[in-house]
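Q: I would love a close look at one small part of this protein before I go back to the bench. Could you walk me through it?

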Amino acid sequence: MRTTYPLTSSFMASENKSIPRLEKTANSQQLIVNGKPFLILGAELQNSSMTSAAYMNTVWQKLVDTNINTVLGCVTWEDIELTEGHFDFTELDQVILGARKHGLHLVLLWFGSFKNGISTYAPSWIKKDVKRFPRAHLRKAGGLLETGDVVSIFHEEVLKADIKAFSALMRHVKEVDEAYSTVIMVQVENEIGLLGDSRDGSSTANKRFSEPVPTPFIQHLSTKWDTLHADLKRNLQVFKTLAKSSGSWEVVFGKSQQTDELFMAYHYAIYVEKVAAAGKKEYALPLYTNVWQNYVGDDGDNAFLVVAGGGGAPGDYPSGGGVSNVLDIWRAFAPSLDFIAPDIYLNDYSSSCAKYRHLDQPLFIPEQRRDEYGARRIWKAFGSYQAIGTSPFGIDTLEPETNPFTRHYGLLASVKNIVLEAHRNPGSSVGFFFDELLEDGRDPSPPTIARFADFEVTIERSFVFGKPGAGSGMLIHLGDAKFLLIGWGFQAVFKSLSPKSTFTGILSFTEKIVDPETGKLTTGRRLNGDETRSGKFCIMPNEEPDYGGFPICVTIPARTMAAEVEVYSLEEGSGDL
């Protein structure tokens with residue numbers, strides 16, 4: 001069913017007819033929407049929120065008030081193809097219309113064959129016909145096989161059906177939205193992989209497992225060895241030692257759960273590639289898939305029970321999904337996906353960002369924590385890893401007044417053009433965050449030290465006489481000795497890198513005000529004195545600094561959260577001393 005949209009000013013098509021795309025930069029890619037670089041200040045809805053246009057009408061304005069510009073929400077296979085071969089996009093059309101009316105973009109999440117490692121969003125005619133759409137089987141103690149709540153990727157019928165449905169979706173989105181670019185990206189499946197076992201134990205899967213490893217797979221690992229992710233190399237030591245150029249999976253890689261994971265990753269990537277390629281043929285929007293990471297490892301940031309997140313061995317997290325130790329396999333064998341995106345909940349945020357910039361792929365974080373702990377970390381993604389966007393999960397069940405992203409996205413929205421320009425100049429910015437002090441007073445967040453041209457800058461928690469608060473932001477090198485500071489709760493100390501320098505000082509420190517219409521910076525107050533701790537460093541204070549009972553308020557509250565500093569260095573000879 002096709003919806004006709006009224007051609008009022010609110011619904012006029014963009015004058016630029018180019019569809020959303022990714023454009024290469026020096027060491028990454030930027031998302032281009034309506035002909036201009038676009039920074040996704042995104043948020044993902046609860047799992048099934050977007051199945052109801054009526055429900056979405058109750059939350060659109062909340063999303064706008066939270067300073068979100070892009071909403072991530074589901075399109076489920078069971079909703080659009082209730083009866084095989086009959087597609088109904090009525091709800092989706094109304095959702096697209098609602099987003100467009102509120103000036104919001106959409107990233108559609110295709111819940112097709114797989115969602116969180118299982119197949120619960122597949123239509124009933126898929127679920128009930130086990131002969132035509134066989135299930136994966138999980139190997140249990142005593143040689144028992146358990147039927148999984150997930151279709152097997154080793155049978156063609158479900159793949160053909162998924163291709164048909166996803167193609168119909170992409171074709172329809174092109175028909176109703178190509179002229180508007182409300183929809184700017186599409187996620188193919190959701191957190192793919194097998195839960196409950198390291199590989200499918202069905203007879204068909206076992207047969208594939210015993211067959212020779214596909215030659216292109218072995219060739220890729222061999223010829224690309226120097227550029228493979230370090231996490232993958234650690235799992236390939238047996239492969240390197242055996243040096244087998246052919247044989248079954250266990251002959252080439254040895255008998256282990258890691259071999260099972262390699263096997264599943266290859267076949268999941270091939271499966272998703274066929275779905276993605278068919279969809280992209282209909283409408284060439286940027287496509288990606290997301291990853292449920294292993295929450296138990298050297299990069300864990302997890303004080304919760306494993307059952308709450310899932311991790312440890314393949315199968316505890318979805319085996320075969322695009323975790324860092326099989327990321328190269330996904331990149332090589334699912335080329336129609338523009339990137340692989342990490343969901344970051346219980347892993348170290350900075351480490352995850354770094355891992356998924358592998359081979360200069362763009363960084364997008366489609367799911368992450370929605371609390372203040374998560375919100376302050378987005379500055380690291382944007383400032384240090386040139387992220388094209390971030391997206392806290394479960395946004396529609398928070399209120400703008402108490403949602404921490406309202407504040408963070410508000411500031412980012414005002415400086416987005418400056419941030420995007422920095423992304424086009426590698427090495428020109430750094431992001432950082434400072435968490436709350438621990439109960440015993442220890443500081444969990446070390447300073448960030450970076451070098452730009454002739455200066456080293458140390459970014460540390462903002463000075464106060466009382467209890468230091470949390471903070472976050474980014475620093476952008478504007479050229480020569482000028483820097484832009486954005487954020488709150490930190491201070492920047494500059495030092496010349498010249499061995500002849502005897503003094504580094506602050507030449508000027510000016511508050512900047514962002515013009516809401518043009519996005520350009522104008523000058524507010526000229527800061528000095530207490531605002532620089534008498535010339536020692538540039539303070540970007542919190543909105544309510546703790547004076548600790550000290551009677552003199554030397555730390556002013558934050559106002560615009562943007563300031564420009566120019567520093568200088570003196571070089572004195574023996575005659576000057």
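Which residues does Gln491 touch, not counting residues up to four places away in sequence?

A: Happy to. Please keep in mind that this is a predicted model. Setting aside residues up to four places away in sequence, Gln491 touches Thr458, Ile459, Glu460, Arg461, Ser462, Phe463, Phe537, Cys538 and Ile539.

Let's place the residue itself. Gln491 sits in strand E19, which covers residues 490-496. Its relative accessibility is 5%, and buried means under 20%, so Gln491 counts as buried.

Two of those partners deserve a little more detail. Ile539 is 48 residues from Gln491 in sequence, yet their C-alpha atoms are 4.3 Å apart in space. With Phe463, there is a polar contact: the side chain of Gln491 reaches the backbone nitrogen of Phe463 at 2.8 Å.

Ser462 is another partner of Gln491. Ser462 belongs to the loop between strand E16 (455-461) and strand E17 (471-479). With a relative accessible area of 7%, Ser462 is buried. Leaving out residues up to four places away in sequence, Ser462 touches Pro468, Gly489, Phe490, Gln491, Ile539, Met540 and Pro541. Ile539 therefore appears in the contacts of Gln491 and also in those of Ser462.

Now for the wider setting, beginning with the nonpolar cores. The largest nonpolar core has 143 residues, and Leu106, Phe217, Phe253 and Trp330 have the most contacts inside it. Helix H12 gives the most to this core, with 11 residues. Apart from this core lies another, of 22 residues, including Phe455, Phe509, Ala563 and Val567. As a general point, nonpolar side chains tend to be buried together in soluble globular proteins.

Trp330 is worth a stop too. Not counting residues up to four places away in sequence, Trp330 touches Ile192, Ala265, Tyr268, Ala269, Val272, Thr289, Gly320, Gly321, Gly322, Leu337 and Ile340.

Last, a look at open space. The second largest pocket holds about 340 Å³. Its lining has 20 residues, and the closest to the pocket's centre are Asp231, Asn294, Ser324, Asn325 and Lys355. Helix H9 (230-234) and helix H12 (257-282) each supply at least two residues of this lining. By type, the lining residues divide into 5 nonpolar, 9 polar and 6 charged. Helix H12 thus has a part in the lining of this pocket as well as in the largest nonpolar core.

Conventions:
Residues numbered from 1 in each chain as written. Predicted model: local features only at pLDDT ≥ 70, side-chain atom pairs only at ≥ 80, totals over all residues. Heavy atoms only, no water. Helix = DSSP H or I, 4+ residues; strand = E, 2+ residues; numbered from the N terminus. Buried < 20%, exposed > 50% of the residue type's maximum accessible area, 1.4 Å probe, protein only. Contact = heavy atoms within 4.5 Å. Polar contact = N/O pair within 3.5 Å; in protein donor to acceptor, adjacent residues only side chain to side chain. 1 Å grid on protein atoms, 1.4 Å probe; cavity = no way out; pocket = protein on both sides within 12 Å on 5 of 7 lines; lining within 4 Å. Points joined across faces, edges and corners; volume = space filled by probe spheres on them. Nonpolar A, V, L, I, M, F, W, Y, C, P; charged D, E, K, R; others polar. Core = buried A, V, L, I, M, F, W, Y, C linked by side-chain atoms within 4.5 Å.
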